[in-house]
Amino acid sequence: MHVEPDAIPYDRLTGGQKIRRFVRRNPTMAAGGLLLAVMVVLATCAPYLHTVNPVEMNPVERLRAPGAGHWFGTDMYGRDSYSRVIYGSRVSLLVGLVVAVVTSLIGLTIGLISGFVRELDNLIMRVMDGIMALPDLLLAISFVALTKASVRNVIVALVIPQTPRMVRLVRGVVLVLREQPFVESATAMGARLPRLLVRHLLPNTIAPLVVQGTYVMASAVLIEAGLSFLGAGTPPEIPSWGNIMAEARSYVRVGFWLLLFPGLFLAATVLSINMLGDGLRDMLDPRIARRMR
Amino acid sequence: MLAYILRRILATLPVMGIVVVFVFLLVRIAPGDPAAIIAGDYATPENIQKIRVGLGLDKPIHVQFGIYVMNLIRGDLGRSLHSRLPVRQLIQQRLEPTVALAVSTLTFAILMAIPLGILAAWKAGSLIDRAVMVFAVAGFSIPVFWLGFLLIYGFSVKLDLLPVQGYVSFRQGFLPFIQHLILPTVTLGLIYMALLARITRASVLEVLQSDYIRTANAKGVRPITVLFVHALKNAAVPVVTTIGVGFALLIGGVVITESVFALPGLGRLTVDAVLQRDYSIIQGVTLIFSFVYALVNLLVDLSYTLFDPRIRY
C-alpha cells in the first residue's frame with residue numbers, strides 16, 4: 001500500500017525520508033546550503049585537494065592554459081591557479097563569516113539597548129543614520145586608507161558599514177516586543193534590565209538576526225573581493241579571489257582563465273549564501289513564504 | 001505640502017552634520033601622520049613641523065573642525081596632499097564620466113527592471129517568473145568586476161564589437177561616447193537591475209491581490225493599463241525606496257566599474273587617493289558622494305506623496 005510521503009507525520013519518518021522532505025520543501029535552501037558546504041570543505045581541506053604551494057613561483061611555466069598538470073592554468077609568475085583559487089577561498093570565507101558574526105553580536109547589543117532604553121535611542125539612531133549615509137564601499141575604503149593593509153583591518157572596515165542595518169533590525173523587533181504583556185509581567189516579577197534583555201527579548205531576535213546575518217556575510221565576501229581587487233584589501237602576499245583577479249586584469253587577452261575561475265568561485269559562494277539566506281527567510285517567516293508563492 | 005518638503009529637508013540636515021563630523025574624524029584618527037607622509041622619507045623634523053603648520057594640523061582639534069566647516073560652507077574642500085591642486089578642481093574634472101555612467105546605469109536598470117518585475121508578478125509561478133527570480137538572485141551575487149571582465153572578453157576581445165576600456169567625452173563625438181559607455185553601463189546595470197526586478201516583482205505581486213485590481217479587471221480594463229497604471233502606482237513605494245537605498249550600492253559599483261573599464265571618473269580618483277593615502281581627496285569625495293546619496297534619498301521620500309497621496313505628514 002503506497003502512502004503519500006507528505007502525509008506521514010514527522011515522528012514516523014526515517015532519517016533519509018526527513019532529508020528528502022526537507023529538500024523537497026526548501027529547494028533553494030538545500031541547494032544553497034549544499035554549495036556552501038562544498039566551498040567550506042574546499043577551504044578547510046585545501047592542502048589535501050591536489051594543490052601545490054599557492055605562492056611558489058615558477059617562471060618557466062608562466063601563463064599556461066588550463067590543462068592536465070594545471071587544472072586552472074598558471075599565472076604570470078608561473079603559480080598554479082587552481083591552488084591559488086582553492087586557498088583563496090579561505091580568506092573570503094573567513095572574512096565573510098567573521099564579519100557576519102561580529103556584526104551580529106555588535107548589532108544585537110546596540111539594538112537591544114537602543115530599543116529598550118528610550119533615553120539612548122535617539123542618540124544611537126542618529127549615529128547609525130550618519131553611518132548609513134556613507135556609501136558602504138567608500139566607508140570601507142576610507143577606513144582601509146587610514147590603516148595598514150591586513151585581514152584584520154579589512155574585517156573592521158567591513159563591519160562598520162553593516163552594523164547600522166543590524167542595529168535597526170534588532171531595534172525594530174525590540175520596539176514591537178517591549179509593549180507585550182510578557183515583558184510587563186517579567187518586570188512585575190522583579191526582572192531588571194539585563195535579565196529582561198537577555199532572557200526575554202534576545203531569543204525573539206535570533207531568527208531575523210540569522211537571516212540578516214547571511215546577507216551580511218554575502219555582502220562582506222563581495223566587498224572584500226572588491227576591496228582586494230582595487231588594491232585596498234587583503235595584502236597581495238595572501239591569495240584572495242579579489243587579489244588574484246587584480247593581478248590578472250592586464251591579462252584579459254592572453255590569460256582569461258586567470259580571471260574566469262576566481263570570479264566563478266566567488267559568484268558561486270555568494271550565490272550559495274544568498275540562496276541559503278532566502279531559504280532561511282522563507283522558512284522562518286511564513287507570511288512572506290505564502291505571499292511569494 | 002510645502003511644509004512637508006521643508007520638514008523633510010530639515011530632517012536631513014542633522015544626518016549630514018553627522019556625516020561631516022564623521023568624515024572629519026575618520027581622517028584625523030589616522031595612525032599615520034599626514035605631514036610626515038607629504039614630507040617624504042628624507043625629511044627633517046623641522047620640515048615636517050613646517051608642513052604640519054601649513055596644513056593647520058598643529059591647532060587644537062575643535063579649532064581644526066571649525067576651520068574645516070567654515071571652508072566647507074565656502075565650498076573649499078582643501079588641497080590634495082600630493083599634487084597640491086584644489087580638491088574641488090580635481091572633482092570637477094572627473095565629474096563627467098561618473099555622472100554619465102551613473103545616469104545611464106540608472107536609466108538602463110530602471111527601464112529594464114520594472115517591466116521585467118511586473119511581467120514576473122503578472123505571470124507568477126510560470127517559467128518566466130522563475131527565470132526572473134533566478135536572474136535576480138544570481139545577478140545580485142555576481143561580483144561587478146568579474147561581470148565586467150566577462151563582458152570585455154566576450155564583446156571586445158573575442159567579438160571585437162566594442163572598445164575594451166576608456167572614456168570618450170560627449171563633446172568628442174556621440175557614437176564613441178556611447179560605444180565606450182555601453183559595456184560599463186550593462187555591467188553595473190545588470191546587477192542593479194537584479195535587485196530592482198526582485199523588489200518590483202514582490203511589490204506588484206502583493207498589489208495584484210487587491211480588490212481594486214480585481215475590480216479593474218472585471219470592468220474590462222486592458223491588462224496593460226491595469227498593470228502599468230493601477231498596479232505600478234500602488235506598488236511604487238517599496239520600489240522607489242529600493243532605488244534610493246540601492247544607490248549606495250551603485251556608488252560602490254561605480255568605483256569598481258571605473259577601475260575595470262579605466263574611466264577617468266570620481267571612482268578612480270578615490271581609489272588612487274586611497275592608495276596614496278591622500279586624505280584631502282578621500283574626505284572631499286566621500287562628502288560629495290554622501291551628499292548626493294542623501295539628496296537621492298530625500299527625493300525618494302518626497303516622491304512618496306506623488307505615488308500615495310495618503311502619505312502626508
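**Reading the core and contacts of a predicted model**

Within the 151 residues of the largest nonpolar core, Ala140(A), Val144(A), Leu196(B) and Ile251(B) touch the most other members. Helix α10 (residues 223-261) of chain B gives this core its largest share, 19 residues.

User: On what conventions does this rest, and what is a nonpolar core?

Analyst: This is a predicted model, in which local features need pLDDT of at least 70 and side-chain atom pairs count only at pLDDT 80 or more, while totals for chains, interfaces and linings use all residues. Residues are numbered from 1 along each chain as its sequence is written, with chains lettered from A and ligands numbered from 1 in the order in which they are written. A nonpolar core is a set of buried Ala, Val, Leu, Ile, Met, Phe, Trp, Tyr and Cys residues joined through C-beta atoms within 7 Å.

User: Is Val245(B) buried or exposed?

Analyst: A residue is buried if 20 or more other C-beta atoms, placed from the backbone, lie within 10 Å of its own, exposed if 12 or fewer, and partly exposed in between. Val245(B), which lies in helix α10 of chain B, is partly exposed because 17 other C-beta atoms are within 10 Å. Of the 313 residues of chain B, 38% count as buried.

User: Which residues are in contact with Leu196(B), leaving aside its neighbours within four places in sequence?

Analyst: Two residues are in contact if their C-beta atoms, placed from the backbone, lie within 7 Å. For Leu196(B), with those neighbours left aside, the partners are Ala109(B), Ile110(B), Ala113(B), Ile114(B), Gly117(B), Val239(B), Thr242(B) and Ile243(B).

User: How many helices and strands does chain B have?

Analyst: Helices (H or I, at least four residues) and strands (E, at least two) are DSSP runs, numbered from the N terminus. Chain B comes to 12 helices and zero strands, and its C-alpha trace spans about 85 × 55 × 35 Å along the principal axes.

User: How many residues does each chain give to the contact between the chains?

Analyst: Chain B gives 41 residues and chain A gives 39 residues. On the side of chain B that touches chain A, the largest share, seven residues, comes from α1(B). By class, that side divides into 33 nonpolar, six polar and two charged residues, where Ala, Val, Leu, Ile, Met, Phe, Trp, Tyr, Cys and Pro count as nonpolar, Asp, Glu, Lys and Arg as charged, and the others, Gly among them, as polar.
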